[in-house]
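Here's a quick briefing to keep next to the structure while you click around. Take a look first, then work through the points below.

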Amino acid sequence: MFGEPTDAERRVWRVRDLIRSMAVEWFGTRETREPIGDTSVTRLVLSDPLAGLRAAVQVRRVAAAQGREYALDARGAGRSWAEVASVLGFEGLDEPEVLAFEHVAERGGAAAPRWESVSWRCTSCSARVTDTGPYGSHPTDVESGHAEGCARHRADIAAWAARTGWDD
């Protein structure tokens, strides 16, 4: 009747299990079993669903902060805003790179978002780089702080020159 679960389904179930167990551990609720429909099959539920909500909100906040950190680490490791956009699910939308930058850089909340810059450590030159987003063309217009002679930054400039046909 049902096929083997996919890896994506297994990951979702694992996260749900973790959130449910965190609700028990952190917020003192209990797990109970309840029947599914008119069958003898049961599922685990929480005696206090608000404890589950609290755990899910905590996980969401931590996941958002950790996601931002990993996105900045990816930029530091030489990944593009387009690659970050792909992981975030922005592919196929207008200006996915800009959406990714604004998602990662957002400060001030939804009511008054600001997207000035982010910073990350370049794994090529070990310098702290300020990244103003994928709005400019030339690499030095959008990234400042690379060490003199940074191989990554030089490669970005060479790729820009090849793409645009302009000399640096």
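**Start with a buried alanine**

Ala 51 has a relative accessibility of 0%, so it counts as buried. Keep in mind that what you're looking at is a predicted model. From that one residue we can work out to the cores, then to the fold as a whole, and finally to a few spots in loops and at the surface.

**Around Ala 51**

- You'll find Ala 51 in helix H2.
- Skipping residues up to four places away in sequence, Ala 51 touches Ala 23, Phe 27 and Thr 29.
- Glu 25 sits 26 residues from Ala 51 in sequence, and their C-alpha atoms are 9.8 Å apart in space.

**The nonpolar cores**

- The largest nonpolar core has 17 residues, and the members that touch the most others are Trp 81, Val 84, Ala 100, Val 104, Val 118, Trp 120 and Cys 122.
- At least two residues of this core come from each of helix H2 (49-76), H3, H4 and S3.
- H4 gives the largest share, with four residues.
- Val 104 is a handy one to click on: leaving out neighbours within four places in sequence, its contacts are Arg 68, Ala 71, Leu 72, Trp 81, Val 84 and Leu 88.
- There's also a second, separate core of five residues, with Ala 23, Leu 46, Ala 51 and Ala 55 among them. That puts Ala 51, our starting point, in this second core.

**The overall fold**

- Count them up and you get six helices and five strands.
- Going along the sequence, the order is α-β-β-α-α-α-β-β-α-β-α.
- Is the protein more spread out or less spread out than a compact globule? The radius of gyration is 22 Å, while the globule rule gives 15 Å for 168 residues, so the protein is more spread out than a compact globule.
- Along the principal axes, the C-alpha trace spans about 75 × 40 × 30 Å.
- Of the contacts with a separation of 6 or more, 32% are between residues 24 or more positions apart.

**Surface and charge**

- Of the 168 residues, 26% are buried.
- The exposed area comes to about 11,400 Å², and carbon and sulfur atoms supply 53% of that.
- The protein carries 21 positive and 26 negative charges, and the mean positions of the two sets are 8 Å apart.

**Loops with a positive phi**

- Glu 95 sits in the loop between helix H3 (81-88) and helix H4 (96-105). Its phi is near 50°, which is a positive value in a residue other than glycine.
- What is the relative accessibility of Glu 95? The value is 55%, so Glu 95 counts as exposed.
- Ser 126 is another non-glycine residue with a positive phi, at about 65°. You'll see Ser 126 in the loop between strand S3 (118-121) and strand S4 (128-131).

**One last stop: Asp 141**

- Asp 141 belongs to helix H5, which covers residues 139-142.
- With 53% relative accessibility, Asp 141 counts as exposed.
- How far apart are the C-alpha atoms of Asp 141 and Asp 38? They are separated by 64 Å, with their positions 103 residues apart along the chain.

Note on methods. Residues numbered from 1 in each chain as written. Predicted model: local features only at pLDDT ≥ 70, side-chain atom pairs only at ≥ 80, totals over all residues. Heavy atoms only, no water. Rg over C-alpha atoms; globule rule 2.2 N^0.38 Å. Buried < 20%, exposed > 50% of the residue type's maximum accessible area, 1.4 Å probe, protein only. Contact = heavy atoms within 4.5 Å. Areas by Shrake-Rupley, 256 points an atom, 1.4 Å probe, with all protein chains shown as cover. Lys, Arg positive; Asp, Glu negative; His and termini not counted. Charge placed at Lys NZ, Arg CZ, Asp CG, Glu CD. Core = buried A, V, L, I, M, F, W, Y, C linked by side-chain atoms within 4.5 Å.
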